[in-house]
Amino acid sequence: SLLDVVVNNELNIKGFGACEGTVTCSTCHVILKPEDFKKLPEEASDEERDMLDLAFGLSETSRLGCQII
Ligand code: FES
């Protein structure tokens with residue numbers, strides 16, 4: 001997942017991935033370019049959508065980074 005990329009590369013993004021991918025936070029919220037959003041193989045699950053609703057600055061192309069594979 002995108003969260004794995006951040007962790008494995010020791011990218012220091014403050015607070016990113018606080019729940020470690022258990023879909024209980026929205027700190028991994030990312031806004032994708034529309035062309036990239038369209039390329040994702042799967043749509044957001046109901047669980048992801050529920051958590052996205054709590055994300056700051058939600059947009060049409062928002063996803064949780066820990067759910068992007
Ligand atoms: Fe918490 Fe993605 S890391 S929802």
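**Reading the labels on a predicted model**

Student: What makes Ile13 count as partly exposed?

Tutor: The model is predicted, and in this model Ile13 has a relative accessible area of 43%. Buried would require a value under 20%, and exposed a value over 50%, so 43% falls in between and Ile13 is called partly exposed. Ile13 belongs to the loop between α1 (2-8) and β1 (29-31).

Student: How do you know that Ile13 may take part in a nonpolar surface patch, and which residues make this patch?

Tutor: Patch members need over 30% relative accessible area and no salt bridge, and nonpolar side chains are joined within 5 Å. With 43%, Ile13 passes that area cut-off, and the patch of about 240 Å² is made by Val5, Leu11 and Ile13.

Student: Why is the contact between Arg49 and Glu43 called a salt bridge?

Tutor: The closest N and O atoms of Arg49 and Glu43 are 3.7 Å apart, and the rule asks for a side-chain nitrogen of Lys or Arg within 4 Å of a carboxyl oxygen of Asp or Glu, so the pair qualifies. As background, side chains of opposite charge can pair when their charged atoms come close.

Student: What makes the pair Asp46 and Arg49 a salt bridge, and where do these residues lie?

Tutor: The N to O distance for Asp46 and Arg49 is 3.2 Å, which is within the 4 Å limit, so this pair also earns the name. Both residues lie in helix α3 (residues 46-52), three residues apart, about one turn of the helix. Since Arg49 is paired with Glu43 as well as with Asp46, Glu43, Asp46 and Arg49 are linked in a network of salt bridges.

Student: How do you know which members of this network are exposed and which are partly exposed?

Tutor: Exposed means over 50% relative accessible area; Glu43 has 67% and is therefore exposed, and Asp46, at 57%, is therefore exposed too. Arg49 has 38%, which lies between the 20% and 50% cut-offs, so Arg49 is partly exposed.

Student: What makes Arg63 and Glu48 a salt bridge, and which parts does the pair tie together?

Tutor: The N to O distance for Arg63 and Glu48 is 2.7 Å, so the pair falls within the 4 Å limit. Arg63 lies in strand β2 (residues 62-64) and Glu48 in helix α3, so the pair ties together parts that are 15 residues apart in sequence. Both Arg63 and Glu48 are buried, which means that each has under 20% relative accessible area. In total, the structure holds four salt bridges, including the three described here.

Student: Why are Cys19 and Cys25 called buried, and how many disulfides are there?

Tutor: Cys19 has a relative accessibility of 14% and Cys25 a relative accessible area of 12%; buried means under 20%, so both residues are buried. A disulfide needs a pair of cysteine sulfur atoms within 2.5 Å, and by this rule the count is zero.

Student: What makes up the lining of the largest pocket, and how much space lies in it?

Tutor: About 150 Å³ of space lies in the largest pocket. A lining residue has an atom within 4 Å of a pocket point, and the residues that line the largest pocket include Phe37, Glu43, Arg49, Leu52, Ser62 and Arg63. The elements that give two or more residues to this lining are α3 and β2.

Student: What is notable about phi in Glu10 and Glu20, and why are these residues called exposed?

Tutor: Phi is near 50° for Glu10 and near 60° for Glu20, in each case a positive value in a residue other than glycine. Glu10 and Glu20 are both found in the loop between α1 and β1. Exposed means over 50%, so Glu10, at 73%, is exposed, and Glu20, at 68%, is exposed.

Student: Is Gly15 buried, exposed or partly exposed, and where is Gly15 found?

Tutor: Gly15 is found in the loop between α1 and β1, and at 47% it falls between the 20% and 50% cut-offs, so Gly15 counts as partly exposed. The C-alpha atoms of Gly15 and Ser26, eleven residues apart along the chain, are separated by 9.9 Å.

Definitions and conventions
Residues numbered from 1 in each chain as written. Predicted model: local features only at pLDDT ≥ 70, side-chain atom pairs only at ≥ 80, totals over all residues. Heavy atoms only, no water. Patch = residues over 30% accessible without salt bridge, like charges linked within 9 Å, V, L, I, M, F, W, Y side chains within 5 Å. Areas by Shrake-Rupley, 256 points an atom, 1.4 Å probe, with all protein chains shown as cover. Helix = DSSP H or I, 4+ residues; strand = E, 2+ residues; numbered from the N terminus. Buried < 20%, exposed > 50% of the residue type's maximum accessible area, 1.4 Å probe, protein only. 1 Å grid on protein atoms, 1.4 Å probe; cavity = no way out; pocket = protein on both sides within 12 Å on 5 of 7 lines; lining within 4 Å. Points joined across faces, edges and corners; volume = space filled by probe spheres on them.
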